[in-house]
Amino acid sequence: MRHPSSLNDPSCATPPALRALPGRLVCVQQRGLRAGLMVSLMISLMGGLPLAQALSPVPPPPPVSAPRALPAPEAALAEGPKPGEVTVVEPHLSRPGQAVQVRYRGWPARVFLDRWLAPGWDAGDAELEVSALDGFVSRIPVERFRQYSAWIVFARADGQPFRVDNHAQGEKQVPLGPYYLVWDNLRDPALQAEGGAVWPYQIGSVRRTPSSRAVLLPGTLAGRYGAEAQALQTHCLSCHQVNGYGGFKMPLNLALRAREIDAQRWQQWLLQPAKLKPGTTMPPLSEGLPEAERAALAQQLHDYLKALPLQP
Ligand code: HEC
């Protein structure tokens with residue numbers, strides 16, 4: 001059990017540009033802890049359980065699970081549970097000020113992964129590693145699944161092909177199957193502003209992995225750069241790496257590259273990559289955010305990466 005003083009973690013003082021990003025999950029999770037504590041206290045005060053017993057932690061699920069190759073959608077459909085439908089603002093098709101809605105068929109992530117990974121996959125402090133057939137790896141903190149509602153979908157509800165144009169990466173008619181992870185963002189402008197960074201498609205396998213906190217926030221960095229580390233995870237580490245941790249699409253060590261590139265070139269790469277390299281598949285950072293906030297976020301990522309100790 002974390003000491004309640006961590007409820008005042010300075011990382012909750014999120015800089016403005018990061019407020020729309022999942023960095024704030026850190027604080028939300030702590031609020032959850034506090035609520036849990038209150039409930040335990042109330043139960044014990046009401047004479048239900050002795051205090052010590054009420055506060056004794058539930059054994060956490062193991063941090064790592066073996067990679068689980070997902071069954072083909074036909075097999076998953078045949079075995080149940082029954083699928084449903086969800087309408088989302090499709091980040092790959094939407095442009096600033098132009099939201100495009102798409103309705104998909106699939107299962108709430110919790111229902112699907114309870115069945116095909118293991119119950120408890122979203123408990124505690126861990127990450128869900130989602131591997132796509134093309135080498136794109138998303139690692140999503142499981143606490144994000146506790147805060148927002150995700151779906152694992154396998155088809156469009158309107159019968160159109162299960163494909164999408166990915167404006168940000170300059171790719172057209174990208175196949176989404178077998179599975180695509182989407183977020184129920186219709187009523188959540190902050191989720192919409194994030195863009196498609198944590199909407200992995202062509203998902204072939206999933207597993208639960210230990211939290212990346214030790215790699216991304218060693219030593220005293222935790223108190224200062226919590227939100228930046230989260231933004232880096234969301235927006236960059238599906239393709240790039242830091243100190244050996246991350247994805248394999250372009251496995252360059254950003255902690256090293258950040259030191260080699262000056263502030264101006266860094267901003268250009270993050271905000272308008274296609275200007276530096278026409279046709280690149282590197283997506284511009286969070287296009288849904290106002291320009292000034294994008295620039296501030298790019299700057300914060302640069303500062304954070306330079307502060308991160310460099311490992312060979
Ligand atoms: C979808 C994959 C993808 C994501 C996500 C991504 N990049 Fe890239 N990035 C690339 C690719 C591919 C290149 C190489 C450019 C090229 O050859 O097209 C690149 C190039 C770069 C470069 C220039 C490297 C050099 O050699 O000078 C920097 C810096 C960079 N990325 C930083 C970032 C940061 C920071 C983020 C997060 C905000 C990010 N990238 C997100 C794919 C990605």
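**Stop 1: the α8/α12 pair**

Select residues 221-235, helix α8, and residues 291-307, helix α12. The two helices pack with their axes 9 Å apart, at an angle of about 125°. That makes α8 oblique to α12. Helices here are DSSP runs of H or I with at least four residues, strands are runs of E with at least two, and both are numbered from the N terminus. Axes are lines fitted to C-alpha atoms, for helices over the stretch in contact, and angles run from 0 to 180 degrees between N-to-C directions. Angles under 35 degrees count as roughly parallel, over 145 as roughly antiparallel, 65 to 115 as roughly perpendicular, and the rest as oblique.

This is a predicted model: local features need pLDDT of at least 70, side-chain atom pairs count only at pLDDT 80 or more, and totals for chains, interfaces and linings use all residues. Numbering starts from 1 along each chain as its sequence is written.

Check the handedness next. The crossing of α8 and α12 is left-handed: the near helix is turned anticlockwise from the far one by less than a right angle, whereas clockwise would be right-handed. Now show side chains. On α8, pick Leu221, Tyr225, Glu228, Ala229, Ala231 and Leu232. On α12, pick Leu297, Gln300, Leu301, Tyr304 and Ala307. These residues make the contact, where contact means C-beta atoms, placed from the backbone, within 7 Å. By class, this contact has nine nonpolar, one polar and one charged residues. The nonpolar class is Ala, Val, Leu, Ile, Met, Phe, Trp, Tyr, Cys and Pro; Asp, Glu, Lys and Arg are charged; the others, Gly among them, are polar.

**Stop 2: α10 against α12**

Keep α12 and add α10 (263-271). Here the axes are 10 Å apart and the packing angle is about 120°. That makes α10 oblique to α12. The crossing of α10 and α12 is right-handed. From α10, select Ala263, Trp266, Gln267, Leu270 and Leu271. They meet Arg294, Ala295, Ala298 and His302 of α12. The contact of α10 with α12 has six nonpolar, two polar and one charged residues.

**Stop 3: the ligand**

Centre on the ligand. Its surroundings hold 21 residues, counted when the C-beta atom, placed from the backbone, lies within 6 Å. The closest are Cys236, Cys239, Met250, Thr280 and Met282. Colour α9 (254-260) and α10 too: these elements give two or more residues to the shell. By class, the shell has twelve nonpolar, six polar and three charged residues.

**Stop 4: the sheet with β3 and β6**

Switch to cartoon view. Four strands form an open sheet, ordered β2-β3-β6-β9, with antiparallel pairing. Strands pair if DSSP finds at least two bridges between them. At the edges are β2 (84-89) and β9 (180-183), each paired on one side only. Neighbouring strands of this sheet are turned by 55° against each other on average, direction ignored.

Zoom in on β3 (residues 101-108) and β6 (residues 150-156). Five bridges join them in the antiparallel sense. Glycine 106 stands opposite valine 153 in β6. Then add residues 109-116: this is helix α4, lying across β3 and β6 and running at about 35° to β3.

**Stop 5: the sheet with β1 and β10**

Another open sheet of four strands has the order β1-β10-β4-β5, again with antiparallel pairing. Its edge strands are β1 (68-69) and β5 (137-141), each pairing on one side only. Two bridges link β1 and β10 in the antiparallel sense. Label alanine 69, which stands opposite serine 205 in β10.

**Stop 6: backbone details**

Finish with three loops. Select glycine 80 and proline 81: a cis peptide bond joins them, with omega about -5°. Proline 81 is in the loop between α3 (73-79) and β2.

Glycine 177 and proline 178 are also joined by a cis peptide bond, with omega about 5°. Proline 178 is found in the loop between β8 (171-175) and β9.

Last, go to glutamine 202. Its phi is near 50°, a positive value in a residue other than glycine. Glutamine 202 is in the loop between α6 (189-193) and β10 (203-210).

Notes
Two residues are in contact if their C-beta atoms, placed from the backbone, lie within 7 Å.
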